[in-house]
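Hi,

Here is the structure I said I would pass on. Please have a look at it, then read my notes underneath.

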Amino acid sequence: MINDKKVLFSGMQATGNLTLGNYLGALKNWVKLSDEYECFYCVVDEHSITVRQDPATLRKRARALLTLYIAAGLDPEKNCIYYQSHVSGHAELAWILNCFTYMGELNRMTQFKDKSAKHADNINAGLFTYPVLMAADILLFQADVVPVGIDQKQHLEITRDIAQRFNSIYGDVFTIPEPYIGKSGARIMSLQDPSKKMSKSDENPNGSIYLMDDPDTIMRKCKRAVTDSEGHICYRDEQPGVKNLIDIYSSCTGKTPEDVEKEFDGKGYGDFKLAVGEAVVSQLKPLQEEVARLEKDKAFIDSVIKNNAEKAAYYANKTLRKVQRKVGFPDRIR
């Protein structure tokens with residue numbers, strides 16, 4: 001605990017463009033957690049290089065993502081917002097934890113299998129040990145809770161296993177993290193294939209709404225969203241496309257799915273899609289305006305990068321030094 005608050009850790013990869021799903025399912029909820037927890041929000045650039053990246057593009061996207069965190073409402077005075085690559089403790093702890101993680105555990109990771117299939121020409125060791133670096137990210141700050149989507153629960157489970165294994169050998173070193181799963185907008189699906197999550201890497205550009213999409217693009221994507229031939233706006237699994245649009249509308253307006261059903265009772269899909277598009281445009285307009293303002297304030301963003309890296313490194317090193325001493329590394333001469 002820090003300042004009598006429980007610690008929360010999360011982060012997003014600095015690849016691709018964030019989608020409406022990333023915002024409604026994660027980023028928007030993060031802002032609400034700032035008062036309750038001591039929060040560390042990482043721009044996850046070390047994980048990003050398990051897939052080949054253009055260096056200039058990665059740097060640009062990392063800065064854009066950090067700026068977006070702040071534009072979304074994360075106060076860099078209350079939250080520690082930093083680049084993963086600026087805190088060497090992530091990689092240092094990951095090496096130690098690699099030595100307490102079993103090959104069989106990593107072989108069971110479904111994300112490794114999925115990414116190996118997508119990147120068959122680059123199945124590297126980093127892709128295989130990705131969950132160990134993720135464990136280091138979390139354990140480095142003694143996180144009590146970690147906001148996770150359903151697809152990340154397996155990684156949190158191996159983090160808990162590694163921490164418990166280490167603690168059983170060396171005593172109470174790591175806090176065992178618990179999952180935090182947001183209730184609102186937790187899983188926004190593709191507009192073109194509602195059986196799949198809305199994704200930064202969707203090959204169909206109409207499947208995802210990106211946070212920096214202009215209003216015309218947003219409206220067009222919503223109008224093209226897959227529905228069905230039933231013609232009724234009902235929140236049920238048998239109508240996945242309509243259900244997904246209701247989830248988006250609910251998350252943007254604060255209305256319950258039941259309220260949405262009543263609001264559009266007797267109306268057609270055309271009217272509903274138009275309303276969804278308008279709600280998304282209204283939701284994203286303030287965010288986009290704040291991003292544009294912050295991008296002009298280079299000195300402020302630079303100061304956040306510097307100051308929060310120092311803060312993150314301070315807390316990371318407290319854990320790292322303890323771990324290094326436990327495993328038998330020589331003390332540093334000061």
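**What I found**

Start with the contacts. Take those between residues at least 6 apart in sequence: 74% of them join residues at least 24 apart in the chain. Keep in mind that this is a predicted model.

Next, the overall build. The chain has 13 helices and 5 strands. Its C-alpha atoms fill a box of roughly 75 × 45 × 40 Å along the principal axes. The radius of gyration is 21 Å, and a compact globule of 334 residues would have one near 20 Å, so the two agree.

Now the surface. Of the 334 residues, 50% count as buried. The chain exposes about 16,400 Å². Carbon and sulfur atoms supply 51% of that area.

Charges come next. There are 45 positive and 45 negative charges in the chain. Their mean positions lie 4 Å apart.

One helix deserves its own paragraph: α9, residues 215-223. Which residues of α9 are buried? They are Thr217, Ile218, Met219, Lys221 and Cys222. Note that Lys221 is on that list, with a cut-off for buried of under 20% relative accessible area. What do the buried residues of α9 pack against? Their partner is α12, which spans 269-295.

The N-terminal end of α9 has a cap, and Asp214 provides it. A side-chain oxygen of Asp214 lies 3.0 Å from the backbone nitrogen of Asp216.

Best wishes

Terms used. Residues numbered from 1 in each chain as written. Predicted model: local features only at pLDDT ≥ 70, side-chain atom pairs only at ≥ 80, totals over all residues. Heavy atoms only, no water. Helix = DSSP H or I, 4+ residues; strand = E, 2+ residues; numbered from the N terminus. Rg over C-alpha atoms; globule rule 2.2 N^0.38 Å. Buried < 20%, exposed > 50% of the residue type's maximum accessible area, 1.4 Å probe, protein only. Contact = heavy atoms within 4.5 Å. Areas by Shrake-Rupley, 256 points an atom, 1.4 Å probe, with all protein chains shown as cover. Lys, Arg positive; Asp, Glu negative; His and termini not counted. Charge placed at Lys NZ, Arg CZ, Asp CG, Glu CD. Polar contact = N/O pair within 3.5 Å; in protein donor to acceptor, adjacent residues only side chain to side chain.
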